[in-house]
Amino acid sequence: LDAAITDGLTGACTGDYLLRRLAEEVARSDRYSLPLSVLILDLQGLPEPDFDPEDSLDTSVDQTFAGPAHQLLESVGVAIRGALRGHDLFARLRRSRFAIVLPHTSRRSVQTVIDRLQSSVGLIPGDPSNPDSSAAGLSFRVGVAELGPRMDATTLLARAEPR
């Protein structure tokens, strides 16, 4: 993907790109009566960034992605991308929030994807530079929504909010 639509840390696409592509997938799914599901993942267990509250906003934003959290987010991106099919769409919405668009996937078959994602993320080592280190203890809360009649991309995302 182009650098303008890709999160450099995780390799996921950006939220803006997600909205454009999701609208296209909704139209395609409606046109051909195909299932479409969306997952929202809230990553749990990521270390908080170290920054001084006295720093300017620009400085603290840079420091947010330094250190262990930075390395773990890179590993999360690799793990999630590796657990998805080539035509699934993976996006980073915020620091530790992700969305996944699953074309041709009904809500009934989503649990298999969730299990695969949880397993991949759960195996991420606490020290990504040392694959033999113990697991980082990462997990996520997940919300799921399947496209229904007269739904648009925004409604579908809102219904996928983790509860």
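How many residues does helix H3 have, and what distance does it reach from its first C-alpha to its last? In this predicted model, helix H3 spans residues 68-83, a stretch of 16 residues, and reaches 22 Å between its terminal C-alpha atoms, close to the 22 Å expected at 1.5 Å a residue.

The protein that contains this helix comprises five helices and four strands, arranged along the sequence in the pattern α-β-α-α-β-β-α-β-α. Of its 163 residues, 43% are buried. Among contacts with a separation of 6 or more, 65% are made by residues 24 or more positions apart. The exposed surface of the protein amounts to about 8,800 Å², and carbon and sulfur atoms supply 50% of this area.

The buried residues of H3 are Ala69, Leu72, Leu73, Ser75, Val76, Gly77, Ala79, Ile80 and Ala83. An α-helix has 3.6 residues a turn, so residues three or four places apart point the same way. The buried residues of H3 pack against three strands, namely S1 (36-44), S2 (89-94) and S3 (97-103), and against helix H4 (110-122).

Val76 illustrates the surroundings of one of these buried positions. This residue lies in helix H3 and counts as buried because its relative accessibility is 0%, the cut-off being under 20%. When neighbours within four places in sequence are left aside, the contacts of Val76 are with Leu43, Phe98, Ile124 and Leu138. A further relation links Val76 to Leu117: the two residues are separated by 41 residues in sequence, and their C-alpha atoms lie 9.8 Å apart in space.

Open space in the model was also examined. Rolling a probe the size of a water molecule over the atoms shows where empty space is left. The largest pocket holds about 200 Å³ of space. It is lined by 13 residues, of which Arg81, Gly86, Asp88, Leu89 and Phe90 are the closest to its centre. Helix H1 (15-32) and strand S2 are the elements that give two or more residues to this lining. By residue class, the lining of the largest pocket consists of seven nonpolar, two polar and four charged residues. Strand S2 thus appears in two settings, as an element that contributes to the pocket lining and as one of the elements against which the buried residues of H3 pack.

Note on methods:
Residues are numbered from 1 along each chain as its sequence is written. This is a predicted model: local features need pLDDT of at least 70, side-chain atom pairs count only at pLDDT 80 or more; totals for chains, interfaces and linings use all residues. Side-chain values use heavy atoms; hydrogens and water are left out. Buried means under 20% relative accessible area, exposed over 50%, partly exposed in between (1.4 Å probe, protein chains only). Contact means heavy atoms within 4.5 Å. Accessible areas come from the Shrake-Rupley method with a 1.4 Å probe; for residues, only the protein chains shown count as cover. The expected span of a helix is 1.5 Å times one less than its number of residues. On a 1 Å grid over the protein atoms alone, a cavity is a set of points where a 1.4 Å probe fits but cannot get out, and a pocket is an open set with protein on both sides within 12 Å along at least five of seven lines; lining residues have an atom within 4 Å of a point. Grid points are joined across faces, edges and corners, and a volume is the space filled by probe spheres set on the points. Ala, Val, Leu, Ile, Met, Phe, Trp, Tyr, Cys and Pro count as nonpolar, Asp, Glu, Lys and Arg as charged, and the others, Gly among them, as polar.
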